[in-house]
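I'm opening a fresh page for this one. My plan is to start with the whole chain, then pick out one helix and the cores.

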Amino acid sequence: MRLAVAIILSAVGLSACAIQVGGQAVPGPMPSTAAADTPTLPKVGQCMNSSELKAIDCAASHDAEVMAVGEMSGMPSAYPDTQALRKAALPPCYAAINDYLGSQDAGATRLQVWAFWPNEASWKKGERWRLCTVVELAPEGKALARKGSLKGVLKGSSFNTYQICLAGSPSKDSDVKPTACNGPHMAEAVPAGIVPLGKYNDPTPSKDQMSAIAKDKCTKAVHDYVGSDKRTDVFPAWRMPGSQGWSEGWTYAICYAEATKTFNGTLLGLRDNPLPN
């Protein structure tokens, strides 16, 4: 049996806006494909490798963990195009990830949604399943092999373990890539920095409308994170979904603490101290 997988990286492939405070609409990446040999779908809470639909013990090495399983209803008998499949499969996955990980901050972490659905051959056999998984991503976007379950992992103080950091400027650069937080970077996603903007089945708000919602909340989240609202070398920035991402269930802004230059270390609790070198 063959399957398709949509890889959703809500902090990757970003674009830019104004200096000091700003956000930008971001299109979602296109899906890739994978293969599987088993006709039995893994269940919620089970782990697997993204190359096949085979449940394995989460204590063993794996790169994906199932957080929701469902059916795509109301779909045509002919195999839909990729955009239609993404719109049908992904919103329930976005809806599931916060509860599964135990925090509304999931979108600001490297714990991201990968969604699977049948390929064309399986579709012709009548299969309409949807499989939502969560993966831990390396900075380059590859799913990391890991051991242990991620269920409820963000309930405690684990945000910094999975935090997204960016090598470039989220307010200026047209393409911003995630990087390791323990190396040189310019921006850090902040806790309490996911701002809901609406519902995916509503019309996509304009960039100005989304920014109006995100600005005050991101400003507060960044100031709380840094411990100061007086700095001129650290400021709030945010990233917003484009129309494609919105229709697929990404309906929130991600808040970042951005510095005016690359630094090492963290902006958390920096207060009035110099940028870490």
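First, a term I need: I count a contact when heavy atoms lie within 4.5 Å. I'm working with a predicted model. With that cut-off, I looked at contacts in the protein chain with a separation of 6 or more, and 71% of them join residues 24 or more positions apart.

Next, the overall tally. I find 5 helices and 12 strands in the protein chain. Of its 277 residues, 53% are buried. The accessible surface comes to about 12,000 Å², with 52% of that belonging to carbon and sulfur atoms.

Then I checked helix α1, residues 82–101. Does its length fit its residue count, and why? At 1.5 Å a residue, its 20 residues should span 28 Å, and the end C-alpha atoms are 27 Å apart, so the two agree. I did spot a kink of about 30° at L90, shortly before the proline P91. Both L90 and P91 are among the buried residues of α1, as are R86 and N98. After α1 comes G102, with a positive phi near 85°.

Now the cores. The largest nonpolar core has 22 residues, and V190, V226, V234, A257 and L267 have the most contacts inside it. Two or more residues each come from β10, α4, β11 and β12. α4 gives the largest share, 7 residues.

I followed V226 outward, skipping neighbours within four places in sequence: its contacts include V234, A257 and L267, and also R231 and R271. Apart from that core I noted another, of 18 residues, with L90, I97, L154 and Y162 among them.

Conventions:
Residues numbered from 1 in each chain as written. Predicted model: local features only at pLDDT ≥ 70, side-chain atom pairs only at ≥ 80, totals over all residues. Heavy atoms only, no water. Core = buried A, V, L, I, M, F, W, Y, C linked by side-chain atoms within 4.5 Å. Buried < 20%, exposed > 50% of the residue type's maximum accessible area, 1.4 Å probe, protein only. Helix = DSSP H or I, 4+ residues; strand = E, 2+ residues; numbered from the N terminus. Areas by Shrake-Rupley, 256 points an atom, 1.4 Å probe, with all protein chains shown as cover. Expected span 1.5 Å × (residues − 1). Bend = angle between axes of the 7 residues up to and from the residue.
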